[in-house]
Amino acid sequence: MEDLLPKLPLGDWIDAFVDWLTVTFEFLFDGITVALEGIVEGLLAGLEIIPSIILIILVTALAWWLAGKSMALFTLIGLFLIENLGYWEPMLETLALVLTAVFITVIIGLPVGIWASQKKAVKQIITPMLDFMQTMPAFVYLIPAIFFFSIGVVPGVVSSVIFAVPPTIRLTILGIQQVPADIIEATESFGSTTGQRLIKVQLPLAMPTIMAGINQSIMLALSMVVIASMVGAPGLGAEVYRAVTQIQIGTGFEAGLAIVIIAIILDRITQNIGRKRKAK
């Protein structure tokens, strides 16, 4: 069989294509690197300015307002535990990476989702691409990211965006398309344009579903940022990776626990933002 059907040099083609991209668009990748490093460093500097006790109080108050007393108590205890264990700085680094990745994810995902919800042809093109992005193993995204952006913060952010953007796009499409047809007909009968209908009716009604997509993207970005520690991304993931390579079980458990605490806090807060909007 091997003699009849020689192996396709698919890997060689991919390598050649990546090399061509790296050389041809080097200026673009350098610009992206500078921009992303600036955003992450700016966010981190802003978070570091705030004393840890003040930031803990602010996040606890936000959790109380959005998710109730029990979540506020968990937030207070969890953040104090992270501070006590000595993982406050890595936690801020992880948070800066996640916030940067989520910001870019929303900037890309919302317009693409809105566009696909309005154009059937665009949705048909986008859907298989999203399937591919969501089924590809997360580690694979690190390989081209290293070639294009070397190691460090930037490949971690880029791979996180690619890994996390599909839920935002999918649920934006779903939320807009689930707006009841009678409401759409009512807006058309009053002479609303497509833009007016989208901004004043469809997006507000779809917002809880869109927020659910953003919530999923935040969780995926956090998981990818942790994995990206393998290519030099800082934060709690780097602490876990160091513990694994040095077989430090206790240190790995502490850093892993800090990641779990941050994941739960981000998840509950963003979930309840969507619920509050739905209640309105």
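## A glycine after helix α4

Let's start at a small but interesting spot: just after α4, G86 takes a positive phi of about 90 degrees. Keep in mind as you read that this is a predicted model.

Now look at the helix that comes before that glycine. Helix α4 covers residues 69-85, which makes 17 residues, and at 1.5 Å a residue they should span 24 Å. The C-alpha atoms at the two ends of α4 are indeed 24 Å apart, so expectation and model agree.

## Two sides of α4

Which residues of α4 are buried? They are M71, A72, T75, G78, L79 and I82. If you look down the axis of α4, these buried residues fall within an arc of 135 degrees, so they line one face of the helix.

The face of α4 turned away from this buried side carries exposed residues: K69, S70, L73, I77 and N84. Try finding both groups in the structure above.

## The chain as a whole

Let's step back to the full picture. The protein chain holds 12 helices and zero strands, and reading along the sequence gives the pattern α-α-α-α-α-α-α-α-α-α-α-α.

The C-alpha trace of the protein chain spans about 70 × 65 × 40 Å along its principal axes. The chain has 280 residues, and 41% of them count as buried.

## Aromatic rings that pair up

How many aromatic pairs does the structure hold? There are six. One of them joins F17 and W20, and this pair is stacked, with 6.1 Å from centre to centre and 25 degrees between the planes. Because planes under 30 degrees apart count as stacked, the angle of 25 degrees fits that label. Both residues lie in helix α1, residues 10-24, where they are three residues apart, about one turn of the helix. F17 counts as partly exposed because its relative accessibility is 45%, and W20 is also partly exposed, with a relative accessible area of 46%.

Another pair is made by F148 and F149: this one is edge-to-face, at 6.3 Å centre to centre and with 80 degrees between the planes. Are F148 and F149 buried or exposed? F148 counts as buried because its relative accessibility is 18%, and F149 is buried too, with a relative accessible area of 9%. Back in the region of the stacked pair, F17 and W20 form one aromatic cluster together with F25.

## The largest pocket

Next come the open spaces. Rolling a probe the size of a water molecule over the atoms shows where empty space is left. The largest pocket has a volume of about 620 Å³. Its lining is made of 20 residues, and I14, V18, V140, P144 and F148 lie nearest the centre of the pocket. You have already met F148 as a partner of F149 in the edge-to-face pair.

Which helices help to build this lining? At least two residues each come from α1, α6 (120-135), α7 (142-149) and α8 (153-177). By type, the lining of the largest pocket divides into 17 nonpolar residues, one polar and two charged.

## The second largest pocket

The second largest pocket holds about 400 Å³ of space. It is lined by 19 residues, with V59, L95, L99, L266 and I269 lying nearest its centre. Two or more lining residues come from each of α3 (52-67), α5 (88-118) and α12 (249-279).

What kinds of residues line the second largest pocket? There are 18 nonpolar residues, one polar and no charged.

## Two more residues to find

Our first stop is L203, which is found in helix α10, residues 194-227. L203 counts as buried because its relative accessibility is 18%. Along the chain, L203 and T172 are 31 residues apart, and their C-alpha atoms are separated by 8.7 Å.

The other stop is I247, in the loop between α11 (236-245) and α12. I247 has a positive phi of about 55 degrees although it is not a glycine. With a relative accessible area of 69%, I247 is exposed. Compare that with the residue at the start of this report, G86, whose positive phi is about 90 degrees.

Key:
Residues numbered from 1 in each chain as written. Predicted model: local features only at pLDDT ≥ 70, side-chain atom pairs only at ≥ 80, totals over all residues. Heavy atoms only, no water. Helix = DSSP H or I, 4+ residues; strand = E, 2+ residues; numbered from the N terminus. Expected span 1.5 Å × (residues − 1). Buried < 20%, exposed > 50% of the residue type's maximum accessible area, 1.4 Å probe, protein only. Arc of directions from axis to C-beta. Phe/Tyr/Trp six-rings, centres within 6.5 Å; stacked < 30°, edge-to-face > 60°. 1 Å grid on protein atoms, 1.4 Å probe; cavity = no way out; pocket = protein on both sides within 12 Å on 5 of 7 lines; lining within 4 Å. Points joined across faces, edges and corners; volume = space filled by probe spheres on them. Nonpolar A, V, L, I, M, F, W, Y, C, P; charged D, E, K, R; others polar.
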